[in-house]
Amino acid sequence: MLSVVVLTKNSEKYLAAVLSSASFADEIIVLDSGSSDNTEQIAISFANVRFIKQAWLGFGAMKQLGVDLAKNEWIFVLDSDEIITEPLKAEILKTLENPLFKAYKVPRLNYFFGKEIRRMGLYPDYSTRFFDRRFARFDGREVHEKVLCDSDIGVFKEHFIHYAYESLEQFYNKQKRYACLNHRPNTLKSLLNPLWSFFKLYFLKGGFLEGKRGFEIALGYAKYTFWKYKKD
């Protein structure tokens with residue numbers, strides 16, 4: 001009744017925990033874009049995993065391909081550093097008994113540098129991850145992809161966990177990568193928008209209450225905004 005879709009590439013660190021948290025599903029589609037670590041060995045050790053190798057197509061297209069390959073109508077999409085909690089598992093199974101919507105937004109609790117962050121607009125950080133594929137699909141964007149649904153979207157109460165960034169270096173490198181994928185050169189925005197991004201996250205949304213970690217997170221997203229709009 002339920003298929004879980006997971007994208008991987010060199011994802012060995014959290015993958016066993018990710019797949020264990022999703023093991024209640026009828027099947028797990030692991031779509032791998034060229035791992036050179038133990039990702040494949042970990043994945044195929046789970047009885048309900050279908051491990052499929054696929055050259056990278058972009059986030060939206062890759063996730064939609066995983067959805068298309070699934071055997072079931074109901075889909076939950078996970079990244080390879082995201083864990084379904086036991087309360088969320090129970091909510092998923094209960095919802096499957098009598099779905100009131102065709103898609104659901106699910107809260108996400110992000111961990112930055114080893115600590116959960118509940119301020120700065122980073123929680124509950126809703127993301128549409130659970131849906132009936134007959135009525136919803138990914139928009140195909142290369143980065144910051146979204147699920148489009150033909151009807152109203154429900155909202156779950158329980159969250160899943162996202163081990164977003166382990167280090168400051170990883171955080172900044174990933175923001176630079178995302179900015180390159182979403183590059184929109186604009187000189188004025190490259191000057192003004194990073195300042196606003198930092199001010200909003202650090203002051204208006206309580207980043208200062210997170211101490212040094214809050215400053216680093218706000219600075220990282222400001223850097224992303226600069227890289228996104230700066231001219232080549």
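Visitor: Which residue meets Glu 73 in a salt bridge?
Guide: This is a predicted model. Glu 73 lies in the loop between helix H3 (59-69) and strand E4 (74-79). Its partner lies in the loop between strand E9 (127-132) and strand E10 (136-138), so the pair ties together parts that are 61 residues apart in sequence. The N to O distance is 3.2 Å, and the partner is Arg 134.

Visitor: Is Arg 134 buried, partly exposed or exposed?
Guide: Buried means under 20% relative accessible area, and exposed means over 50%. Arg 134 has 49% relative accessibility, so the class is partly exposed.
Its partner Glu 73, at 37%, likewise counts as partly exposed.

Visitor: How far apart are the closest N and O atoms of Glu 82 and Arg 129?
Guide: Glu 82 sits in strand E5 and Arg 129 in strand E9, so this pair ties together parts that are 47 residues apart in sequence. Glu 82 is buried, at 0% relative accessibility. Arg 129 is buried too, at 5%. The two form a salt bridge, with the closest N and O atoms at 2.7 Å.

Visitor: Which residues are linked with Glu 82 in a network of salt bridges?
Guide: Side chains of opposite charge can pair when their charged atoms come close. Glu 82 forms a salt bridge with Arg 129. The network holding Glu 82 also takes in Arg 108, Asp 125 and Arg 129.

Visitor: Which residue forms a salt bridge with Asp 139?
Guide: Asp 139 is partly exposed, at 29% relative accessibility. Its partner is partly exposed as well, at 36%. The closest N and O atoms are 3.1 Å apart, and the partner is Arg 141.

Visitor: How many salt bridges does the count come to?
Guide: The rule asks for a side-chain nitrogen of Lys or Arg within 4 Å of a carboxyl oxygen of Asp or Glu. By that rule, the count is 16.

Visitor: Which strands stand at the edges of the open sheet?
Guide: The sheet has four strands in the order E5-E13-E7-E8, with mixed pairing. Each edge strand has a single partner strand, so one side of each is left without a neighbour in the sheet. The edge strands are E5 (82-84) and E8 (115-116).

Visitor: What is the bridge partner of Glu 82 in E13?
Guide: E5 and strand E13 (residues 160-165) run antiparallel. Three bridges join them. In E13, Glu 82 has as its bridge partner His 162.

Visitor: At about what angle does helix H5 run to E13?
Guide: Helix H5 spans residues 168-181. It lies across strand E7 (108-112) and E13. Its angle to E13 is about 95 degrees.

Visitor: What is the angle between the planes of Phe 112 and Tyr 165?
Guide: Phe 112 is in strand E7 and Tyr 165 in strand E13, 53 residues apart. Both are buried. Their aromatic pair is tilted, with 5.3 Å centre to centre and a plane angle of 50 degrees.

Visitor: Which residues form one aromatic cluster with Trp 74?
Guide: The whole structure holds 27 aromatic pairs. Trp 74 shares its cluster with Phe 76, Phe 101, Tyr 104, Phe 130, Phe 156 and Phe 160.

Visitor: What arc do the buried residues of helix H1 cover?
Guide: The buried residues of H1 (residues 12-21) are Tyr 14, Leu 15, Val 18, Leu 19 and Ser 21. They lie on the same side of H1, because their arc around the axis is only 150 degrees.

Note on methods:
Residues are numbered from 1 along each chain as its sequence is written. This is a predicted model: local features need pLDDT of at least 70, side-chain atom pairs count only at pLDDT 80 or more; totals for chains, interfaces and linings use all residues. Side-chain values use heavy atoms; hydrogens and water are left out. Buried means under 20% relative accessible area, exposed over 50%, partly exposed in between (1.4 Å probe, protein chains only). Helices (H or I, at least four residues) and strands (E, at least two) are DSSP runs, numbered from the N terminus. The arc is that of the directions from the helix axis to the C-beta atoms. Two strands pair if DSSP finds at least two bridges between them. Contact means heavy atoms within 4.5 Å. Axes are lines fitted to C-alpha atoms, for helices over the stretch in contact, and angles run from 0 to 180 degrees between N-to-C directions. Rings of Phe, Tyr and Trp (its six-membered ring) pair if their centres lie within 6.5 Å; planes under 30 degrees apart count as stacked, over 60 as edge-to-face and the rest as tilted.
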